[in-house]
Amino acid sequence: MLEGFILATIFCGFFGIILKKNLVMKIISMDIMNTGVISYFVLIASRNGLFTPILSDNRNGNYADPVPQAVVLTAIVIGLSIQALMLVGVMKLAKNNPTLETIEIEKNNTP
Amino acid sequence: MSTITILWIALPFLAGFIIYLFPKIDRYLALSVPLISLGYTLQLFTETSPITLQLLDNFGVILVADQLSGYFILTNALVTAAVICYCWNTNKSAFFYTQAIILHGSLNSAFLCADFMSLYVALEVIGIAAFLLIVYPRTDRSIWVGLRYLFVSNVALLFYLIGTVLVYKAHNSFSFAGLRDAPPEALALIFLGLLTKGGIFVSGLWLPLTHSESETPVSAMMSGIVVKAGVYPLVRCALMVPEVDPLVRVFGVGTALLGVFYAVFEKDTKRMLAFHTVSQLGFVLAAPVVGGFYALTHGLVKSALFLIAGVLPSRNFKELQHQPISTPIWIALVIASFSISGFPLLSGFGAKVLTSKNFLPWQTIAMNIAALGTAISFAKFIFLPRGNSENHVQRGFWVAVIMLIGGLFLANIVYYEAYTVENIIKPLVTIAIGWLVYLLIIKHITLKLPRTLERFEHLIGVMSLILVFLFWKGFAWLGI
């Protein structure tokens, strides 16, 4: 059920990238897709259990898997930095193309 | 050797940041890094067995350094060194050299990865560094081209990430070998990411605009080595998990034909070279066992061609027919074009012969047509008028081009067994037929092929089509 929701998030993000005309909306849709993928990693990490994998005195045994969680931190940071770079690019493009419609920008900038 | 490997991976990033802090020594420090890589890869070739580093247990980072990665790292070192020499006397800021060295370092790590997560990180850093190099001129057009590149790359790698976590779910580690146990969705998603990043087949149609609209040294670096970062994992997977080998070969053949078809009818020098890169990457994939050597020759020759095309007076072939180019430049252009057409005495010949020895029977006809198309498209460069004796190019250009073309001659020693009579006749016949076709047919017709598939929305939409195709074919065909 949760898996279905996460995959629906990823698809919403992907369709947003295709269907939205504004460049900023496309970037936000990409961010939604990014969030969906990261949540999928966290879901896979919770296969074995839901307890935070921190060693303490009473050991429960149903620990979540720390490996995907650790690995997805890198993906989060990378997604964040790429978004920041893209938004700076959009700011510069907005000077000459204030409506930021991809079709217009493409027509102006493709030989 | 393991410690040296880890130090060598970390060195370019350190050097990159130091370059930005001390701009006075930027070019010298930037040139020393590829030379150190060159030293490392020559050491790597003398190792008899592959070096495998498993950092932090079986779910951690796995690095494999063997001959295949050695070829790619050698290409990386030579192309980066040539690009930095070319940029020596142009007034590039320290930021440019920082990005070039960070790109070099991330490419090195990509060519050593043997697990999906480290590859993801390496490919993303490559994307970011390449983006910053593409937008270096800060014009509107370069910002749009760079943004498009980064966007397509990031979306493809998001799909790749989903595939990676499915591999982890099935195999409990991120290693490439886990592809065998993974569900077919994982295979389709990972391949989609790698195909898009490597510029293969229809998903690679972001490549022509990106490579042709960047500055000359950036185009040389991107076509010479950056796209190989997407192709290397496909070759590595085909070698580690032989069940996916047929799929990789099919994509190789398709890409070679698609690229060459567009290249033959192209009227712009840089766009033709970019389409040609697409086609040659197909050759690398068509015979994964010997893909490394082909990647080396292609990297050297394509960066040389881009650097030369940057100093030609115009980008349009029709205009170039009326403006003679200086004779030394013409000689360099002809040598490079001969190498890529497969003329003997240059390593392109050895690479083509070695690759055709490793084709499966159904591939030979299609790849021969692709080779013919290559000869036709490079006849456009060979038959340009020459004779103008003024020579305005900077000295750095000649250092770079001589380094690359010299590398082409030297790389012959890798496969000198190619020089038998029957092997020599076939490329000569192919080149002769190609020139005939060019002079009689192609020179006179103007066919403008549609560019719809290169539009931004279509690039993203094609990803979903390729995903469906991979899932359907990958599942039905291979039964994985």
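**Salt bridges, a helix pair and an interface**

Okay, B:Arg271 and B:Glu266 are both buried. I start there because those two side chains also meet in a salt bridge, 3.4 Å from N to O, and under 20% relative accessible area is what counts as buried here. Keep in mind that this is a predicted model.

So, how many salt bridges are there over all chains? The count comes to 11. Let me walk you through a few of them.

Take B:Arg141 with B:Glu213, where the closest N and O atoms are 3.2 Å apart. These two come from distant parts of the chain: B:Arg141 sits in helix α6 of chain B and B:Glu213 in helix α8, residues 207-213, with their positions 72 residues apart. Are the partners buried or exposed? B:Arg141 is partly exposed, at 32% relative accessible area, while B:Glu213, at 16%, counts as buried. And this pair has company: B:Arg141, B:Glu213, B:Asp268 and B:Arg315 are linked in a network of salt bridges.

Next one: B:Glu243 and B:Arg180, with their closest N and O atoms 3.5 Å apart. Here we're looking at loops. B:Glu243 lies in the loop between α10 and α11 of chain B, and B:Arg180 in the loop between α6 and α7, so the salt bridge ties together parts that are 63 residues apart in sequence. B:Glu243 counts as partly exposed, at 36%, and B:Arg180 also counts as partly exposed, at 40%.

While we're around α6, have a look at B:Ser142, which is in that helix, residues 140-171 of chain B. At 5% relative accessibility, B:Ser142 counts as buried. What does B:Ser142 touch, leaving aside its neighbours within four places in sequence? The contacts are B:Ile134, B:Val135 and B:Pro137.

Now a bit of backbone. Most residues other than glycine have a negative phi, and I have two exceptions to show you. B:Arg138 has a positive phi of about 60°; B:Arg138 is in the loop between α5 and α6 of chain B and is partly exposed, at 44%. B:Phe201 has a positive phi of about 55°. You'll find B:Phe201 in the loop between α7 and α8 of chain B, partly exposed at 27%.

On to the start of chain B. Helix α1, residues 2-21, packs on helix α2, residues 26-46, at an angle of about 170° and with the axes 10 Å apart. Angles over 145 degrees count as roughly antiparallel, and therefore α1(B) and α2(B) are roughly antiparallel to each other. Which residues meet? On the α1(B) side they include B:Trp8, B:Leu11, B:Pro12 and B:Ile18, and on the α2(B) side B:Leu29, B:Val33, B:Ile36 and B:Tyr40 are among them. By class, this contact has 12 nonpolar, 2 polar and 1 charged residues.

Last stop, the interface between the chains. 41 residues of chain A are in contact with 38 residues of chain B. The buried area between chain A and chain B is about 3800 Å², and carbon and sulfur atoms give 77% of that. How many salt bridges does the rule find across this interface? It finds 1. That is B:Glu457 with A:Lys26, their closest N and O atoms 3.3 Å apart.

That's my tour, thanks.

Conventions
Residues numbered from 1 in each chain as written. Chains lettered and ligands numbered in written order. Predicted model: local features only at pLDDT ≥ 70, side-chain atom pairs only at ≥ 80, totals over all residues. Heavy atoms only, no water. Axes fitted to C-alpha atoms, helices over the stretch in contact; angles between N-to-C directions. Helix = DSSP H or I, 4+ residues; strand = E, 2+ residues; numbered from the N terminus. Parallel < 35°, antiparallel > 145°, perpendicular 65-115°, else oblique. Contact = heavy atoms within 4.5 Å. Nonpolar A, V, L, I, M, F, W, Y, C, P; charged D, E, K, R; others polar. Buried < 20%, exposed > 50% of the residue type's maximum accessible area, 1.4 Å probe, protein only. Buried area = accessible area lost by both parts, 1.4 Å probe. Salt bridge = Lys/Arg side-chain N within 4 Å of Asp/Glu carboxyl O.
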